[in-house]
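Dear colleague,

Please find below the structure that I am handing over to you. My notes on what was found in it follow directly after.

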Amino acid sequence: TVISYLDNALSLDDIKNVRDELEMGGYLKKKLLSIKGNKSKKKTEESVPHKFISSDGFEIIIGKNNIQNDEITFKVGKDSDVWMHVQDIPGSHVIIKTNGKGLDSIPENTLLEAAHLGVYFSKGRESTKVPIDYTERRYVKKPSGAKPGFVIFLNNKTLYITPSKEILKKFNIDL
């Protein structure tokens, strides 16, 4: 998953946040930098998830790394929001905010747009017929002791997406 996030990094801060995640997980040693004189170490800006608005007006939030995936899934996402993730491929978690109305309130067009974004921010971006699972956030659980970004889920449905330049262009994304 880390390679996928590095592939999708849009800034140096995104890359630094992936490094921070690897340090927190014990995969890399923390880099010690000395501070000389009055110069202070430039702090990495806190990375924020991608945010988009569907053509139907629904907010779509996408994690940039495993820590953000946990945050948007379990802190930002409410039980009635829709959660998405590509099937068996490293990638970002996607949350569609439903404002308490649940999955049935989401128009098919918004589901398709969010699914395209989910596939784009995964290793499946250049594939065809990529399966992406979705369910209400209430059915997504984190096993005890699991690493960041790892979840299990129930009651899901699956869409098969071949990334579309036209749909992604609506979000200023070039395929």
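**Helix α3 and the spaces in the fold**

Asn-65 caps the N-terminal end of α3, with one of its side-chain oxygens 3.1 Å from the backbone nitrogen of Ile-67. Please bear in mind throughout that this is a predicted model.

Helix α3 spans residues 66-76. Its buried residues are Asn-66, Gln-68, Asn-69, Asp-70, Ile-72 and Thr-73. These buried residues pack against two helices, α1 and α2, and against the strands β2 (59-62), β3, β4 (94-96) and β6 (140-141).

One residue of this helix deserves a closer reading. Thr-73 is found in α3, and its relative accessible area is 0%. Thr-73 counts as buried because that value falls under the 20% cut-off. Which residues does Thr-73 touch, leaving aside its neighbours within four places in sequence? They are Trp-83, His-93, Ile-95, Arg-137 and Val-140. With His-93 there is also a polar contact, in which the two side chains lie 2.8 Å apart. Lys-123, by comparison, stands 50 residues from Thr-73 in sequence and 20 Å from Thr-73 in space, C-alpha to C-alpha.

I turn next to the open and enclosed spaces. Rolling a probe the size of a water molecule over the atoms shows where empty space is left.

The second largest pocket has a volume of about 460 Å³. Its lining is made up of 25 residues, and those nearest the centre are Thr-1, Asn-66, Pro-148, Gly-149 and Phe-150. Helix α3 is among the elements that give two or more residues to this lining, together with α1 (2-7), α2 (12-24) and β3 (82-86). Asn-66 therefore appears twice in these notes: as a buried residue of α3, and as one of the residues nearest the centre of this pocket. Sorted by class, the pocket lining holds twelve nonpolar, nine polar and four charged residues.

How many cavities of 30 Å³ or more does the model contain? The count comes to one. About 70 Å³ of space lies in this cavity. The residues that line the cavity are Tyr-5, Asn-8, Ala-9, Asp-14, Val-18, His-50, Gly-63, Lys-64, Ser-92 and Phe-121. By class, four of them are nonpolar, four are polar and two are charged.

I suggest beginning with Thr-73 and its polar contact with His-93, and then following α3 to the pocket that it helps to line.

Yours sincerely,
A colleague

Methods:
Residues numbered from 1 in each chain as written. Predicted model: local features only at pLDDT ≥ 70, side-chain atom pairs only at ≥ 80, totals over all residues. Heavy atoms only, no water. 1 Å grid on protein atoms, 1.4 Å probe; cavity = no way out; pocket = protein on both sides within 12 Å on 5 of 7 lines; lining within 4 Å. Points joined across faces, edges and corners; volume = space filled by probe spheres on them. Helix = DSSP H or I, 4+ residues; strand = E, 2+ residues; numbered from the N terminus. Nonpolar A, V, L, I, M, F, W, Y, C, P; charged D, E, K, R; others polar. Buried < 20%, exposed > 50% of the residue type's maximum accessible area, 1.4 Å probe, protein only. Contact = heavy atoms within 4.5 Å. Polar contact = N/O pair within 3.5 Å; in protein donor to acceptor, adjacent residues only side chain to side chain.
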